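Me: I'm new to reading protein structures, and I'd like a close look at one part of this one. Could you walk me through it slowly and link it to its surroundings?

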Amino acid sequence: MTAPAKQSRGITRYTGVAIILHWLIAAGILILIVMGLVMDHLSLDPMRVFQLYQLHKSIGITVMVFIALRIVWRLTHRPPELPGDMKGFERMAAHLTHAALYGLQMFMPLSGWAMVSVSTLGIPTLLYGTILWPDLPVLSTLQNKAPVEAALKAVHHWGGWFLLALIGLHVAAALRHHFVLNDNIMRQMLPAIGRKSASRHGD
């Protein structure tokens, strides 16, 4: 049985853990996307590319751990209810978008991990230059890695663009709720704004 969402002076909110993980993951994903674009489209010194690639892998693994924690927390802590006046198709769209975001957020680091594991270069992954991260066992022992690596690169590349599009949709929906519909959807994930709103509705 899931625990009820945290209450803030009568306003149903996400728990503090959920809010922290949400923004850590969001920041990590945006950093990873920017790094990916830089590595793909800028002409950099090979050593700089290598350093960015290793940092990209380190941040990606870290984000994957945060996402796994976020999913576990989400499954054990009921989120705030959607506004009662939302239409059925809007509720369905919200649920599908959230499911797709969770799925892609896990898929992207996993596909990156798979791509590194099957890399023909065989460069080990050192998290933040310190902790050796293992390759996936089956992929690391393939005889003909090149075509698999190429396929995974394409999947990871287009998955990143799809995730960016979903994030844009998610942000646009949150802004619509806040500025157009004037409900509490976005405030539920913004502690400072939530406290101001609560103080106005309290006492």
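How many residues does H1 have, and how far does H1 reach from its first C-alpha to its last? Please also tell me which parts of the protein H1 meets.

Reply: Happy to! Keep in mind that this is a predicted model. Helix H1 has 26 residues and reaches 38 Å from its first C-alpha to its last. That is close to the 38 Å expected at 1.5 Å a residue.

Let's set the scene before going closer. The protein has 6 helices and 4 strands, and along the sequence they follow the pattern β-β-α-α-α-β-β-α-α-α. Of its 203 residues, 39% count as buried. Among the contacts with a separation of 6 or more, 72% are between residues 24 or more positions apart.

Now to H1 itself, which covers residues 16–41. Its buried residues are Ala-18, Ile-19, Leu-21, Ile-25, Gly-28, Ile-29, Leu-32, Ile-33, Met-35, Gly-36 and Met-39. You can find them on the model one by one, starting with Ala-18.

The next helix to look at is H2, residues 46–76. The axes of H1 and H2 come within 9 Å and cross at roughly 155°. Angles over 145 degrees count as roughly antiparallel, so H1 is roughly antiparallel to H2. H1 passes H2 in a left-handed crossing. Sorted by class, the residues in this contact are 21 nonpolar, 5 polar and 1 charged.

H2 deserves a short visit of its own. It has 31 residues and reaches 45 Å from first C-alpha to last, close to the 45 Å expected at 1.5 Å a residue. Buried residues in H2 include Leu-52, His-56, Ile-59, Gly-60, Ile-61, Val-63, Met-64 and Ile-67. Lys-57 and Arg-70 of H2 are buried as well. The buried residues of H2 pack against H1, and also against helix H3 (88–117), strand E3 (125–127), strand E4 (131–133) and H5.

That brings us to H5, residues 146–180, another partner of H1. H5 has 35 residues and reaches 50 Å from its first C-alpha to its last, close to the 51 Å expected at 1.5 Å a residue. The axes of H1 and H5 come within 11 Å and cross at roughly 135°. H1 and H5 are therefore oblique to each other, and their crossing is left-handed.

Who takes part in this contact? From H1 come His-22, Ile-29, Ile-33, Leu-37 and Asp-40. From H5 come His-157, Trp-161, Leu-163, Leu-164, Ile-167 and His-170. By class, they are 7 nonpolar, 3 polar and 1 charged. Some of these names may look familiar: Ile-29 and Ile-33 are among the buried residues of H1, while Leu-163 and Ile-167 are among the buried residues of H5. Other buried residues of H5 include Glu-149, Leu-152, His-156, Gly-159 and Gly-160.

Let's zoom in on Leu-37, which lies in H1. At 32% relative accessibility, Leu-37 counts as partly exposed. Leaving out residues up to four places away in sequence, Leu-37 touches Leu-42 and Trp-161. Leu-37 and His-157 are 120 residues apart along the chain, and their C-alpha atoms are separated by 9.8 Å.

Ile-19 of H1 gives us a second stop. This buried residue is in contact with Gln-188, whose place is in the loop between H5 and helix H6 (191–201). Gln-188 is buried too, with a relative accessible area of 8%. Besides Ile-19, and leaving aside neighbours within four places in sequence, Gln-188 is in contact with Thr-12, Arg-13, Tyr-14, Pro-80 and Glu-81. While you are in this part of the chain, you can also look just after H5, where Asn-182 takes a positive phi of about 55°.

One more pair rounds out the picture. H3, which the buried residues of H2 pack against, also meets H5: the axes of H3 and H5 come within 9 Å and cross at roughly 150°. That makes H3 roughly antiparallel to H5. The crossing of H3 and H5 is left-handed, and the residues of their contact divide into 14 nonpolar, 9 polar and 4 charged.

To recap, H1 is roughly antiparallel to H2 and oblique to H5, and Ile-19 of H1 is in contact with Gln-188.

Definitions and conventions. Residues are numbered from 1 along each chain as its sequence is written. This is a predicted model: local features need pLDDT of at least 70, side-chain atom pairs count only at pLDDT 80 or more; totals for chains, interfaces and linings use all residues. Side-chain values use heavy atoms; hydrogens and water are left out. Axes are lines fitted to C-alpha atoms, for helices over the stretch in contact, and angles run from 0 to 180 degrees between N-to-C directions. Helices (H or I, at least four residues) and strands (E, at least two) are DSSP runs, numbered from the N terminus. Angles under 35 degrees count as roughly parallel, over 145 as roughly antiparallel, 65 to 115 as roughly perpendicular and the rest as oblique. A crossing is left-handed if the near helix is turned anticlockwise from the far one by less than a right angle, and right-handed if clockwise. Ala, Val, Leu, Ile, Met, Phe, Trp, Tyr, Cys and Pro count as nonpolar, Asp, Glu, Lys and Arg as charged, and the others, Gly among them, as polar. The expected span of a helix is 1.5 Å times one less than its number of residues. Buried means under 20% relative accessible area, exposed over 50%, partly exposed in between (1.4 Å probe, protein chains only). Contact means heavy atoms within 4.5 Å.
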